[in-house]
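I opened this entry to look up how the chains are related, where two of them touch, and what lies in the core. My notes follow in the order in which I looked.

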Amino acid sequence: MNKTNTGNFFEDFSLGQEIRHATPRTITQGDASLYLALFGSRFAVTCAEPFAQGLGYRTTPIDDLLAFHVVFGKTVPDISLNAVANLGYADCRFVLPVYAGDTLTTTSTVIGLKQNSNGKTGTVYVRSTGTNQNAEIVIDYVRWVMVRKGNLDAPAPDVVVPDLPDRVDPASLAVDQVLNGGNFDPVLSGSNHFFSDYSVGEKIDHVDGVTIEEAEHMTATRLYQNTAKVHFNQFSEKDGRFGRRLMYGGHVISLARAISFNGLANAFSIAAINGGRHVAPCFAGDTVFAWSEVLEVADTNNPTIGALRLRTIATKDHPCADFPAELEKGYEEGVVLDLDYWALIPKR
Amino acid sequence: MNKTNTGNFFEDFSLGQEIRHATPRTITQGDASLYLALFGSRFAVTCAEPFAQGLGYRTTPIDDLLAFHVVFGKTVPDISLNAVANLGYADCRFVLPVYAGDTLTTTSTVIGLKQNSNGKTGTVYVRSTGTNQNAEIVIDYVRWVMVRKGNLDAPAPDVVVPDLPDRVDPASLAVDQVLNGGNFDPVLSGSNHFFSDYSVGEKIDHVDGVTIEEAEHMTATRLYQNTAKVHFNQFSEKDGRFGRRLMYGGHVISLARAISFNGLANAFSIAAINGGRHVAPCFAGDTVFAWSEVLEVADTNNPTIGALRLRTIATKDHPCADFPAELEKGYEEGVVLDLDYWALIPKR
Amino acid sequence: MNKTNTGNFFEDFSLGQEIRHATPRTITQGDASLYLALFGSRFAVTCAEPFAQGLGYRTTPIDDLLAFHVVFGKTVPDISLNAVANLGYADCRFVLPVYAGDTLTTTSTVIGLKQNSNGKTGTVYVRSTGTNQNAEIVIDYVRWVMVRKGNLDAPAPDVVVPDLPDRVDPASLAVDQVLNGGNFDPVLSGSNHFFSDYSVGEKIDHVDGVTIEEAEHMTATRLYQNTAKVHFNQFSEKDGRFGRRLMYGGHVISLARAISFNGLANAFSIAAINGGRHVAPCFAGDTVFAWSEVLEVADTNNPTIGALRLRTIATKDHPCADFPAELEKGYEEGVVLDLDYWALIPKR
């Protein structure tokens with residue numbers, strides 16, 4: 001009996017199937033330090049306990065994206081080890097804060113299947129749910145990936161494509177009533193710009209660029225226990241599609257978020273990710289830049305806190321003063337990420 | 001009086017000499033995070049507090065090899081600063097778990113000496129013992145190194161070569177009675193393969209390969225405060241034997257252990273290292289693979305937990321599907337490590 | 001209204017102006033682990049809780065320089081984003097130990113201004129003060145930087161150049177009476193050399209050399225949330241003055257301090273920095289060496305602890321056996337740092 005994990009192939013998935021993923025993970029202050037040092041985030045809520053407590057958190061929350069990457073990483077050995085492409089995300093909600101000491105596990109449910117006409121691959125839709133040690137949901141999202149068939153003769157399943165929202169309804173965002181945006185100190189946070197200072201259509205160049213090293217993206221990706229081989233194995237990747245190790249797409253998301261501090265310093269938390277596209281691959285040596293557009297502004301169920309729907313575009317080796325984005329066909333040269341999310345920001 | 005440490009030369013060691021090594025070290029959750037991120041280990045016991053407690057640990061234990069490397073690192077300035085070669089390990093026992101907050105110190109006793117016939121070097125055998133803040137032994141091992149003489153005229157000591165066991169007797173392995181292998185959840189651990197599923201002679205290719213960067217092996221080696229110069233100083237190593245920085249041998253051991261999760265996910269702890277050989281040097285840019293053979297299976301003093309004696313071979317730039325190993329003379333191309341150890345695994 | 005920080009230009013500073021810097025930072029054991037792994041420091045006080053407590057600390061203090069870099073990093077977005085050169089430091093005092101769990105904030109006061117005759121730049125002198133969550137001062141220092149004018153037509157301010165001490169008066173060093181140097185164990189600390197063993201004029205070659213990687217200096221500099229662009233952005237720096245990313249000067253200071261363990265193992269804490277000069281830039285790939293000269297020896301207000309005034313010179317790709325230093329004009333080839341500081345060391 002084979003003891004090594006060969007991952008699931010398209011025909012191994014069935015509608016409604018529930019997969020509990022391995023290796024629960026207790027998040028620690030050490031993880032938070034390492035994440036901070038890898039991305040350089042400066043949002044005061046995740047950096048300073050008194051600031052977080054002043055806003056109403058029990059203590060410093062773990063960066064939303066660190067929690068996301070850990071929840072996501074667990075799904076890789078079961079969902080995407082034989083993936084050809086990561087096709088998309090939707091309906092990703094950050095339901096509860098994660099604190100150092102919390103233990104995260106992830107469970108996925110297959111909510112859609114569609115074999116491709118070539119008969120060699122198919123799209124698998126899963127809803128993945130990260131829970132803490134009290135069985136409370138902390139993060140919940142849908143992703144879909146194109147997975148190879150292992151046995152080309154396996155019959156095609158019935159086509160089921162889930163109905164996914166274009167964006168998370170801001171009225172449904174989880175914003176704890178205990179948070180009091182009125183306590184947010186703009187001197188300590190680094191910005192005087194609050195909810196009402198942002199308007200729909202506004203574009204912000206986040207200016208700063210950060211060059212990525214192999215040691216950095218591999219260390220981050222291992223921190224999340226994401227085992228996708230393309231990130232780590234130069235011996236095999238030298239003969240692969242790109243001739244080199246591919247960076248985990250989530251690394252670019254974290255970089256873009258950290259860079260976005262410059263212009264969005266008070267957008268202290270990500271409440272939901274509406275969708276995301278990895279437009280082009282990133283590699284060590286690339287310098288990542290980012291800019292954002294405000295797509296929507298919305299109230300939340302907490303009267304002291306608003307939500308900005310942001311589209312953050314990240315590029316490589318292309319500063320963003322000219323706001324590079326989509327062309328009629330495809331994207332401008334250098335665009336690597338097109339992310340649509342809701343961020344929370346205090347009202348003044 | 002010279003204030004910098006020039007290390008001990010062969011003639012500075014005497015039989016029975018006890019050396020207390022410097023810099024006690026309090027292990028923290030930060031060390032555990034960094035170790036995890038550097039190696040990507042996924043064994044649930046060291047990743048999740050509830051899982052560890054379910055098995056019977058007080059809290060998440062520190063990875064056995066992290067503790068080993070810290071205990072080992074302290075010996076370098078006194079034992080091997082003038083070493084020509086690290087010749088071997090034997091009788092290495094992991095006696096007690098180490099937890100975040102424990103402070104480790106190391107003491108070594110010289111148990112053997114043998115000057116080489118060339119009169120320029122000699123072999124020093126030491127038993128090194130790592131203890132915690134309660135003076136309890138946590139790790140104990142023998143290693144022998146070839147050390148240069150500083151004064152070639154110094155007389156040769158009497159030859160004493162210690163009698164070392166080929167392997168640690170499994171009946172003597174330290175397995176706490178409080179551990180209950182019956183509580184081991186195979187879904188969370190990532191494998192359904194327990195003690196009885198492994199048989200002597202079985203070979204497992206661990207499949208995954210990991211490429212190493214300079215920043216990674218140096219960061220890890222500094223984490224253990226191992227000061228061997230060859231790992232850090234490119235200015236001098238450019239003119240040295242390899243023309244480049246040599247990776248700490250223990251880095252390969254940790255990589256091989258992390259990679260071995262794929263096939264040995266339930267082998268939750270290393271109870272003993274019977275012996276180890278660094279067959280060839282490793283450098284930044286190498287991609288490390290590993291495979292294991294089951295050499296023995298044995299009961300332990302805990303009826304819920306068995307022991308597998310494993311031989312894990314690590315290679316560089318050589319995937320292990322063909323189980324590369326020893327030839328009649330030497331090893332197959334690419335083999336870098338030949339490690340013989342006892343791992344604990346629950347019985348079902 | 002521009003939401004991204006463009007930093008202050010010379011004409012934006014005014015005498016007596018107080019600037020509270022953003023992003024308070026709770027220091028954790030994770031930060032300490034990462035700092036240790038990046039620099040490999042072995043001073044027992046910062047490595048082992050029982051050792052620190054034996055000396056009289058509440059628990060393991062955070063490395064003085066980690067605290068300094070965090071306090072310093074906060075000032076960058078406001079003080080030196082438009083700096084042309086970092087000109088100097090003076091009167092830097094380490095007033096209170098920092099412990100894991102402490103939250104640091106920094107405030108700067110403009111204490112001097114002098115426009116350059118070219119009308120394009122000017123020197124800004126600031127006193128920056130790092131405080132903990134109890135509003136106690138932990139670190140206090142003066143630095144001066146040359147900053148670009150944004151509006152060349154802005155009038156020159158009155159010239160005010162503060163009177164700065166050549167060195168901190170050792171009688172004023174903050175040494176807690178509760179510390180008892182008599183408890184210092186030379187076996188655990190790694191050296192038998194105490195205060196009285198060092199004499200003025202003595203030179204110590206610290207021997208060891210450490211090569212730096214891009215991933216290491218960027219990770220360290222992000223850990224401090226120092227956002228100076230030259231350290232991170234290869235895309236812009238390729239066209240810059242050096243064609244590559246410049247290492248944060250503080251990285252060399254930390255390396256030199258860690259290397260100085262070999263010869264100064266009992267100099268357990270930095271009490272003050274009298275001045276420092278970054279003589280030449282450092283880049284990834286450089287191998288850093290260091291040596292020290294004892295400039296002064298002094299009693300402190302704690303009878304069990306003395307102070308050594310040390311001049312530590314760091315070099316790149318130049319071992320320090322010949323004590324490279326200043327020439328009549330400039331410095332010897334390879335010198336990168338000339339640092340003057342007070343270190344505390346127990347009396348025997």
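I first superposed the copies in this predicted model, and I found that a turn of 120° with a shift of 0.0 Å along the axis lays chain A on chain C with an RMSD of 0.0 Å. I noted this as the relation of a three-fold axis. I then looked for the residue of chain A that comes closest to the rotation axis, which is A:Gly30, its C-alpha at 2.2 Å. The copies use different surfaces, since 16% of the contact residues of chain A recur in chain C.

I next turned to the contact between chains C and B, where 37 residues of chain C meet 31 residues of chain B. On the chain C side, the elements that give two or more residues include α1 (29-39), α3 (49-55) and α7 (214-223) of chain C, and the largest share, eight residues, comes from α1(C). Sorted by class, that side of chain C has 16 nonpolar, 14 polar and seven charged residues.

I also looked up the largest nonpolar core, which has 312 residues, and recorded that A:Val124, A:Ala343, B:Val124, B:Ala343, C:Val124 and C:Ala343 touch the most other members. Leaving aside neighbours within four places in sequence, I listed the contacts of C:Ala343, among them C:Leu264, C:Ile270, C:Ala307 and C:Leu310.

Last, I checked A:Asp185, which I found in the loop between β6 (137-148) and α6 (186-189) of chain A. I entered A:Asp185 as partly exposed because 15 other C-beta atoms lie within 10 Å, and I noted that its C-alpha is separated by 19 Å from that of A:Asp63, 122 residues apart along the chain.

Definitions and conventions:
Residues numbered from 1 in each chain as written. Chains lettered and ligands numbered in written order. Predicted model: local features only at pLDDT ≥ 70, side-chain atom pairs only at ≥ 80, totals over all residues. Contact = placed C-beta atoms within 7 Å. Helix = DSSP H or I, 4+ residues; strand = E, 2+ residues; numbered from the N terminus. Nonpolar A, V, L, I, M, F, W, Y, C, P; charged D, E, K, R; others polar. Buried ≥ 20, exposed ≤ 12 C-beta atoms within 10 Å, placed from the backbone. Core = buried A, V, L, I, M, F, W, Y, C linked by C-beta atoms within 7 Å. Least-squares fit on C-alpha atoms with pLDDT ≥ 70 in both.
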